[in-house]
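Got the viewer open? Let's take a walk through this one together, one selection at a time.

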Amino acid sequence: MEAVPHAVDPDRAAQHGNVVMRLLDELFPLVEGFYVDLHKNPELSHAEHRTASGVAEWLTRTGYEVHKGVGGTGVVGVLRNGPGPTVMLRADMDALPLQEKTGLPYASTTRAVDDGVEVPVMHACGHDAHTACLVGAADLLSETRDEWSGTVMIVAQPGEETLDGAQAMLADGLFDRFGRPDVILGQHLGPQPAGLISHRAGVILGAASSYRVRVYGEGGHASQPNTTVDPVLIAANIVTRLQGVVSREISPSEMAVLTVGRIQAGTKANIIPDEAYLEINTRALNDNVSAQLEAAIERVVRAEAAASGATREPDVERFQSAGVTFNDAQSTADVAAAHHAYFGDDYVIHLPDPSPATEDFSYFGLPDDPQPIPYVLWFVGATPHDVWEAAPGDTPYEKMGNVPSNHSPFFAPAREPTLRAGLAAITVAALSYLGHQDDGAPEALGAPAGTAFPGPAPEAPAYPYASTGDPVEPPSGAPFGASAPQGDPFADPLSDPLGPPPSGSPVTGPSVPHHEPNDAYDSAYLSSSWPAPEEDGARSTHDAGTDAVTGSRDEELRGEWGDDKVEESTLSADMAALLDEDDLPQGQRPPQGPPSGPSYGGPPPSGSDDDRPDSDRRI
């Protein structure tokens, strides 16, 4: 595969980003308002009509060639700006069938019909932030066309939660109609502290598959089970038997998960039904393990039906699937280096392990193509700093398991620091490939010339993945033995959204000596709790523009937006009133304190009694 054309080295990308980001404060209130509107009005997979219209309207107003209805409700915007690479920026738009319990003033109360049943709907996975940052970055790039050269391709994708939206857009001729990108960039909110950027070359997200299973029996009266073949008993035996697949059939060196998430049978206690229905989900970090799990499901289901004397074969159908997200090693090093140069080392970390969560983002990379497209997906931390600090756990890894995370009804990102970090991250990443107009045609570069990416070496396993699924080992040296950064560990996130970062941060922890990188968790990211700082930390390479990106919002600008500019938003709504949380009555303010339970099922963050949401939002 030919190398992706590069236009600027990381330091120059950061310099261009510095110029571009000087417009961020002017644009940010509209991006924030769009985010709040999306959060308050979520839409389920493949029903993102209102969201897609807002994206299309925004892109049209800022000068993009816009196409709606791609792959259903997908939106594509193209901005051609001279010679150079085509850089695709992608975000997902759909929400989840979940009841929001954050207590936020802009919490969703939306309900919709899903599979014939009315359900609550919530943006519990951060797709509202992804979409808001996408259109914000598109706007910033459009307004600063004299700073770069190339083509920007904006893709707002439907149906990520159902893992079929990317394939739908590709099947609708995404690359045939709008051009094949040279590199694809995307980001996802995560449970890390708000504003922290996390990279990983190679496998960063796992593969997933979901299966429908229907077993058939012979129903009858509950008083005469001997005259029946009980499908409930068959289903129960299947559930029990499947619990041994991972522990007894998958190598202990591999990651694998097998979950029976749904089981339905019967109508009354005294009737043995004719059939039972199950839904099963699997997770793995390579396709070999995924295939092994699928074969085990098929074998166990059919064997249990036969063992109970079922006269009809069960049905087993895989209805949802996505492969691993495998970040191109060189492209990850390039983007991470640009992020290091722009944000500073304190704000960019290497993830020691992949996540078992799954995305369909990888399909855009055409993994089955002889010439797959390189892509990079990274995480943007979203947990409020006070919530992180108060979360149970002695290490950052333990804390991550005790803050409301994706798919939790209590998932409430720190709005401003998260959006500012995400908006800057995806814009700077795009600028690491888009050349400067004064440079003429982009030139191919070798190794990045900026700050070294303290993650895996570019010699990561070749696509599609390492045969064993083992995580890519980080190199020795910095950041594991680096000196501690200085600075306020958790400044007010609204006055300094991206930091300063904690001393002993996931990048450079003073208490963690250098170790041989033979353990993926033996990382400064998992060091003990971050100690208090002694003095202000060092500035990053974009000193002149840092305050424009991370400084407190100008009150006059916010007032002007609230009074005059709200009507300019692509979706008309009184966002200013929603965002003015200080004026909210008690019981309607968003929770400020830490969570006190696990990430996926714990209660909402709880501060003082005055700051807690109404009692009906507690558990």
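Below is a series of stops, each with something to select and something to look for. Keep in mind throughout that this is a predicted model.

**Stop 1: the four-stranded sheet**

Select E12, E14, E10 and E15, in that order: these 4 strands form an open sheet with antiparallel pairing. Which strands stand at the edges? Look at E12 (256-265) and E15 (315-322). Each of the two has a single partner strand, so one side of each is left without a neighbour in the sheet. As you step from one strand to the next, the twist averages 15°.

**Stop 2: along the pairings**

Start at the E12 edge. E12 pairs with E14 (residues 275-284) in the antiparallel sense, over 9 bridges. Click on Thr259 and you'll find Asn281 of E14 standing opposite.

Now move on to E10 (207-216). How many bridges join E10 to E14? There are 10, and the two strands run antiparallel. To see one of the matched positions, pick Tyr216, whose bridge partner in E14 is Glu275.

E10 also pairs with E15, again in the antiparallel sense, this time over 7 bridges. Here, select Ser209 and its bridge partner in E15, Ser321.

Before leaving E10, turn on a surface view. Of its 10 residues, 8 are buried, so the strand is largely enclosed by the rest of the structure.

If you show side chains while you're here, a general point helps: in a regular strand they alternate between the two faces of the sheet.

**Stop 3: the helices on this sheet**

Add H7 (residues 231-249) and H8 (residues 287-307) to your selection. H7 packs on the sheet and touches E10, E12 and E14, with its direction at about 170° to that of E12. H8 lies across E10, E12, E14 and E15, running at about 160° to E14.

Next, look at how the helices meet. Two packed helices are described by the angle between their axes and the distance between the axes. For H7 and H8, that gives an angle of about 145° and axes 9 Å apart. The crossing is right-handed.

Which residues of H7 meet H8? Among them are Ile234, Ile238, Leu242 and Val245. On the H8 side, the contact includes Leu293, Ala296, Ile297 and Val300. Taken together, the residues of this contact divide into 11 nonpolar, 2 polar and 4 charged.

**Stop 4: an annotated stretch**

Select residues 286-313, which UniProt lists as "coiled-coil region" in an unreviewed entry. What does the model show there? The span is 75% helix and 0% strand, and its end C-alpha atoms lie 30 Å apart.

**Stop 5: the eight-stranded sheet**

Now switch to another open sheet, this one of 8 strands with mixed pairing. Follow the order E1-E2-E6-E3-E7-E18-E8-E17. The edges are E1 (65-70) and E17 (348-350), each with a single partner strand, so one side of each lacks a neighbour in the sheet. Ignoring direction, neighbouring strands are turned by 25° against each other on average.

For a closer look, zoom in on E2 (residues 74-81) and E6 (residues 150-157), which run antiparallel and are joined by 7 bridges. Leu79 is a good residue to click, with Val152 as its bridge partner in E6.

**Last stop: a helix across the sheet**

Finish with H12 (residues 415-431). What does H12 lie across? The strands are E3 (86-92), E7 (183-193), E8 (197-199) and E18 (375-383), and the helix runs at about 165° to E18.

Key: Residues are numbered from 1 along each chain as its sequence is written. This is a predicted model: local features need pLDDT of at least 70, side-chain atom pairs count only at pLDDT 80 or more; totals for chains, interfaces and linings use all residues. Side-chain values use heavy atoms; hydrogens and water are left out. UniProt positions are given in the numbering used here, feature names are shortened, and annotations may be inferred rather than shown by experiment. Axes are lines fitted to C-alpha atoms, for helices over the stretch in contact, and angles run from 0 to 180 degrees between N-to-C directions. A crossing is left-handed if the near helix is turned anticlockwise from the far one by less than a right angle, and right-handed if clockwise. Contact means heavy atoms within 4.5 Å. Ala, Val, Leu, Ile, Met, Phe, Trp, Tyr, Cys and Pro count as nonpolar, Asp, Glu, Lys and Arg as charged, and the others, Gly among them, as polar. Two strands pair if DSSP finds at least two bridges between them. Buried means under 20% relative accessible area, exposed over 50%, partly exposed in between (1.4 Å probe, protein chains only).
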